[in-house]
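Open the model in your viewer and keep the sequence panel visible. The stops below say what to select next and what is there.

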Amino acid sequence: MPRDAFVQEITKPYTMCAFNRLYLKGNAVSTLPPCPQCNSEYTYEDGTQLICPECAHEWSANGEAEAASDDVVKKDSVGNVLQDGDTVTVIKDLKVKGSSLVVKVGTKVKNIRLCDGDHDIDCKIDGIGAMKLKSEFVRKV
């Protein structure tokens, strides 16, 4: 059976309208999967991507699982894997933005916390306070 005939056979009691919605007796029946983040039924297709207008999440239409952000491994300047609670040392003088303070080379930072973003280490430095560092400027002790 040709595809067009098959689609017509399936959608006989339905009417197709914008955003790939099928209507039967006034109720919308979506042919697209709901959003995996917020479970919204108002997803739409844009090329090969599916998009949720409520939370702005985008995912692949072919069903491939995307890599979770938890699987990202954070490494220091020499390639050692970093974990929460590690102790690191600073390998370069770092100016503290908005202040005249400088984090000197060799400053030991204890009990780091890994976070997402450009500055991926959240820590507390003695004499300076809480701040975020980039993993490329530290070395694991």
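A pocket here is an open set of grid points with protein on both sides within 12 Å along at least five of seven lines, and lining residues have an atom within 4 Å of a point. The model is predicted.

**Whole chain**

Begin with everything shown and colour by pLDDT. The mean pLDDT of the protein is 80, and 72% of the residues reach 70 or more. Now select residues 64-70, where the pLDDT is below 50; this stretch has 4 contacts in the model beyond near neighbours in sequence. Where pLDDT is low, the predicted coordinates should not be read in detail.

Switch to a cartoon view. The protein has 1 helix and 14 strands. Of its 141 residues, 24% count as buried. Among contacts with a separation of 6 or more, 31% are between residues 24 or more positions apart.

**The largest pocket**

Which residues line the largest pocket? Select Leu94, Lys95, Val96, Lys97, His119, Met131, Lys132, Leu133, Lys134 and Phe137. The volume of this largest pocket is about 180 Å³. By residue class, its lining divides into 5 nonpolar, 1 polar and 4 charged.

Two strands, E8 (94-95) and E13 (129-133), each supply at least two residues of that lining. The one that gives the most is E13, with 3 residues.

**From E13 to E12 and E11**

Keep E13 selected and add its partner E12. The two pair in the antiparallel sense over 5 bridges. Within this pairing, Cys123 stands opposite Met131 in E13, and Met131 is also one of the residues lining the largest pocket. E12 and E13 form a hairpin with 3 residues between them. In its turn, select Gly127, which has a positive phi of about 85 degrees.

Next, show the side chains of E12 alone, residues 121-125. Which of them are buried? Ile121, Cys123 and Ile125 point to one face and are buried, whereas Asp122 and Lys124 point to the other face and are not. In a regular strand the side chains alternate between the two faces of the sheet.

Now add strand E11 (residues 113-114), which pairs with E12 in the antiparallel sense over 2 bridges. Leu114 has Ile121 as its bridge partner in E12. E11 and E12 also form a hairpin, with 6 residues between them. Gly117 lies in that turn and has a positive phi of about 120 degrees.

**A sheet of three strands**

Hide the hairpins and select E10, E7 and E14. These 3 strands form an open sheet in the order E10-E7-E14, with antiparallel pairing. The edge strands are E10 (108-109) and E14 (138-140), each of which pairs on one side only. Zoom in on strand E7 (residues 88-90), which 3 bridges join to E14. For one of the partners, pick Thr89 and look across to Arg139 in E14.

**Trp59 and Thr48**

Move to strand E6 (residues 58-60) and select Trp59. Is this residue buried or exposed? Trp59 has a relative accessible area of 11%; buried means under 20%, so Trp59 is buried. Measure from Trp59 to Glu45, 14 residues apart along the chain: their C-alpha atoms are separated by 9.9 Å.

Then select Thr48, in the loop between E4 and E5. Thr48 is exposed, with a relative accessible area of 63%. Leaving out residues up to four places away in sequence, Thr48 touches Trp59, Ser60 and Ala61. From Thr48 to Asn62, again 14 residues along the chain, the C-alpha separation is 7.4 Å.

**Two loop residues with positive phi**

Finish with two backbone checks. Select Asn39, in the loop between strand E3 (27-30) and strand E4 (44-46). Asn39 has a positive phi of about 60 degrees although it is not a glycine. Its relative accessible area is 59%, and exposed means over 50%, so Asn39 is exposed.

The other stop is Ala56, in the loop between strand E5 (49-51) and E6. Phi of Ala56 is near 65 degrees, a positive value in a residue other than glycine. Ala56 is exposed, with a relative accessible area of 59%.

How values were computed:
Residues are numbered from 1 along each chain as its sequence is written. Side-chain values use heavy atoms; hydrogens and water are left out. pLDDT is the predictor's confidence in each residue, from 0 to 100. Contact means heavy atoms within 4.5 Å. On a 1 Å grid over the protein atoms alone, a cavity is a set of points where a 1.4 Å probe fits but cannot get out, and a pocket is an open set with protein on both sides within 12 Å along at least five of seven lines; lining residues have an atom within 4 Å of a point. Grid points are joined across faces, edges and corners, and a volume is the space filled by probe spheres set on the points. Helices (H or I, at least four residues) and strands (E, at least two) are DSSP runs, numbered from the N terminus. Ala, Val, Leu, Ile, Met, Phe, Trp, Tyr, Cys and Pro count as nonpolar, Asp, Glu, Lys and Arg as charged, and the others, Gly among them, as polar. Two strands pair if DSSP finds at least two bridges between them. Buried means under 20% relative accessible area, exposed over 50%, partly exposed in between (1.4 Å probe, protein chains only).
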